[in-house]
Amino acid sequence: MESLGQFEQIVLTAILALDDNAYGVTIHAKVEELSHPKKIARGAVYATLDRMEDKALISSWLSEPTRERGGRSRRHYRLEKSGEKALKESARTAQRLIETITRSLGGLAWKPR
Amino acid sequence: MEAALSGPPEWLERMVLFAIPPAAREGVAGDLWETYQNPGQYAVEALQTVPFVVWSQIRRNLNLPALILQSALIFLCFGGPVTLMALPLLMLREAYRPVTRPSPRRAIREAILLSCGAMVLLLLIMSVHSPFHVRAGVDSFTWLSLFLAALFLSPFLCLFRAGLIMQGDRSRTLTAGGLPKDALAGAYHNFQQRAFCSNLLESMALVFAAACGFFFAWDALLVALFIIVALCLMLDSVPRFSQACDFTSLRARYQQELARQGQLRRFLHWLWFAPVLVALHDRLTLGESIAALLNCVAAAILCFLVAALNREHGGRVQEQIGLLDRMRETSPPDRA
């Protein structure tokens, strides 16, 4: 199965959270929110989206052109089955990491923010 | 997201549009417009975004086998420094590949320009070396035949381009608008079948060409390349039928397969012409300056033909990918 890098996990999570409203601007905003306080270049998001589309983790299509975009279409993104699977696997790994760190740092004394 | 009240100045937008690779232009330019605040912010945002997009498009469109083959041919003809200079240009060209087929007017203009160039070159050579004197194996009859050939080159190239355009129009399989899922699955299935057949036939043709090349004492490297590519093509030509999936996933798979087959075809077009280009190069190193120049013209015309083939075919693939991008799922027609 495809293993994801950290940034890919964030972008996939953003697409998952945005559901039907996942396109360049909203995905970038969500990614910035998820990786706060780190600033993320929008170009990096586009490059990652392209890469994940080539890996068939996500798929994209163009919407109808709109006036607020100067008569241009939005490229919408959606998670594919393989993307969902890879994201779930990453979440399980993250869960195991959190549990191990929590145990090692003394139970409830440490909490991931 | 809040709607932007006004857009960027036209000149600035044009510059940004020019810099964004065509395949990503619609989405990226629209996103930049949507977040527009002032010209400065727009320019900075574009400057930060475009390099990533260009790099991503290079990565996506890069046809490594074709690039290696092109670089090898350039290296063979012009040597290392020119190859090093040409490589980044070839890579950039991948990023800025057009998403539509060239317009018929542009295609015909290119053909006429090339044949005019060939004729001007011939006239120049003839004015320097009088055709009425036999010089180093090029007699007046040869000069005359070459000049007549150049004269007929223009209509030939125009006919070639027109043929490619008409063939492209005829082989259009998708139409804009909506399609039921079953119809899309049918179109995808047909496309895979056609690709399977043509790949199988082409792999057999490559084996045959390699066998001929063996007898006609081609370069051993070329014969080996033909056989390796034929084997890879045979292994690759097994159709991959899609499992049950929804419209969006099916569309994505169709687009990926279209792009993959398009890349394969681009490499094969160059591969088929490689032996002729190598032969021309061999003649370049043998002959004297006039013959060398004539061989250069022949090589340029050949490269033009391959590039024209690739532009038409690549444009058609991109056009189909674009149509799929905007395609909506419709319900199947009622049979009752």
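The expected span of a helix is taken as 1.5 Å times one less than its number of residues. In the predicted model examined here, helix H1 of chain A, residues 6-18, comprises 13 residues and reaches 19 Å from its first C-alpha to its last, close to the 18 Å expected at 1.5 Å a residue. Within H1(A), the residues Glu8(A), Ile10(A), Val11(A), Leu12(A), Ala14(A) and Ile15(A) are buried, and their cover includes helix H2 (24-34), H3, strand E1 (58-62), strand E2 (75-79) and H4 of chain A. Just after H1(A), Asp19(A) adopts a positive phi of about 55°.

Helix H4 of chain A, which is among the elements covering the buried residues of H1(A), runs over residues 81-104. Because its 24 residues should span 34 Å at 1.5 Å a residue, the separation of 35 Å between its end C-alpha atoms agrees with expectation. Here too a positive phi follows the helix, with Gly106(A), just after H4(A), at about 90°.

Between the chains, the contact draws 24 residues from chain A and 29 residues from chain B. On the side of chain B that touches chain A, the elements giving two or more residues are helix H2 (22-34), H3 and helix H10 (247-286) of chain B, with H2(B) giving the most, at nine residues. By class, this side of chain B has twelve nonpolar, ten polar and seven charged residues.

The H3 helices of the two chains also pack against each other: helix H3 of chain A (residues 42-54) and helix H3 of chain B (residues 39-61) meet at an angle of about 20°, with their axes 7 Å apart. Because angles under 35 degrees count as roughly parallel, H3(A) is therefore roughly parallel to H3(B). The crossing of H3(A) and H3(B) is right-handed. From H3(A), the residues Arg42(A), Gly43(A), Ala44(A), Tyr46(A), Ala47(A), Asp50(A) and Asp54(A) take part, and they meet Gln48(B), Thr49(B), Pro51(B), Phe52(B), Val53(B), Trp55(B), Ser56(B) and Arg60(B) in H3(B). The residues of this contact divide into seven nonpolar, four polar and four charged.

One of the participating residues of H3(B) is Gln48(B), which counts as partly exposed because it has 13 C-beta neighbours inside 10 Å. When its neighbours within four places in sequence are left aside, Gln48(B) is in contact with Ala41(A) and Gly43(A), of which Gly43(A) is also listed among the residues of H3(A) that meet H3(B).

Definitions and conventions: Residues are numbered from 1 along each chain as its sequence is written. Chains are lettered from A and ligands numbered from 1 in the order in which they are written. This is a predicted model: local features need pLDDT of at least 70, side-chain atom pairs count only at pLDDT 80 or more; totals for chains, interfaces and linings use all residues. Helices (H or I, at least four residues) and strands (E, at least two) are DSSP runs, numbered from the N terminus. Axes are lines fitted to C-alpha atoms, for helices over the stretch in contact, and angles run from 0 to 180 degrees between N-to-C directions. Angles under 35 degrees count as roughly parallel, over 145 as roughly antiparallel, 65 to 115 as roughly perpendicular and the rest as oblique. A crossing is left-handed if the near helix is turned anticlockwise from the far one by less than a right angle, and right-handed if clockwise. Two residues are in contact if their C-beta atoms, placed from the backbone, lie within 7 Å. Ala, Val, Leu, Ile, Met, Phe, Trp, Tyr, Cys and Pro count as nonpolar, Asp, Glu, Lys and Arg as charged, and the others, Gly among them, as polar. A residue is buried if 20 or more other C-beta atoms lie within 10 Å of its own, exposed if 12 or fewer, and partly exposed in between; C-beta atoms are placed from the backbone.
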